[in-house]
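These are my notebook entries on a predicted model. I record below what I looked up in it.

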Amino acid sequence: MELELEGASLRAVLNRLRRAQGQISGVIRMIEEGRDCEDVVTQLAAASRALDRAGFAIIATGLQQCVADIESGRKDGEDAEAMRARLEKLFLSLA
């Protein structure tokens, strides 16, 4: 299964990843500056949520592509059950 992100989907995922990148840089800076633990954890939680949302957006795009492949009969040699198992594994990797 090859992931194809285009247009608005790609921009949304990249924006989320850039946001997470900035938040992680902020966490590093906060730790280096000796900032309050609660502030650091709050910022780290925000970065984690941004990464999770990017991951879920990527998986959702993959699901959409898989459904289209199944409906069109094109499975690239992979049966529907194997594809479902791979997608389930992807979901669980983010859980």
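**Contacts of isoleucine 59**

I began with the neighbours of isoleucine 59 and, leaving aside residues up to four places away in sequence, I found that isoleucine 59 touches Leu90, Phe91 and Leu94. I placed isoleucine 59 itself in helix H2. For one of these partners, leucine 90, I looked up the separation: 31 residues in sequence from isoleucine 59, but 7.2 Å in space, C-alpha to C-alpha.

Is isoleucine 59 buried or exposed? I read a relative accessible area of 6% for isoleucine 59. The residue is therefore classed as buried, because the cut-off for that class is under 20%.

**Threonine 42**

I next turned to threonine 42, which I located in helix H2, a helix that spans residues 37–72. What does the side chain of threonine 42 reach at 2.8 Å? I noted the backbone oxygen of glutamate 38 at that distance. I also looked up threonine 42 against valine 27: the two are 15 residues apart in sequence, and their C-alpha atoms are 9.2 Å apart in space.

**Nonpolar surface patch**

I then examined the surface and recorded a nonpolar patch of about 440 Å², made by Leu10, Leu14, Leu17, Ile24, Ile28 and Leu51. Which helix supplies the largest share of the patch? I found that helix H1, residues 7–32, contributes five residues, the largest share.

From the patch I picked isoleucine 24, which I found in helix H1. Its relative accessible area is 35%, so I entered isoleucine 24 as partly exposed; that class lies between the 20% and 50% cut-offs.

Terms used:
Residues numbered from 1 in each chain as written. Predicted model: local features only at pLDDT ≥ 70, side-chain atom pairs only at ≥ 80, totals over all residues. Heavy atoms only, no water. Helix = DSSP H or I, 4+ residues; strand = E, 2+ residues; numbered from the N terminus. Polar contact = N/O pair within 3.5 Å; in protein donor to acceptor, adjacent residues only side chain to side chain. Buried < 20%, exposed > 50% of the residue type's maximum accessible area, 1.4 Å probe, protein only. Contact = heavy atoms within 4.5 Å. Patch = residues over 30% accessible without salt bridge, like charges linked within 9 Å, V, L, I, M, F, W, Y side chains within 5 Å. Areas by Shrake-Rupley, 256 points an atom, 1.4 Å probe, with all protein chains shown as cover. Salt bridge = Lys/Arg side-chain N within 4 Å of Asp/Glu carboxyl O.
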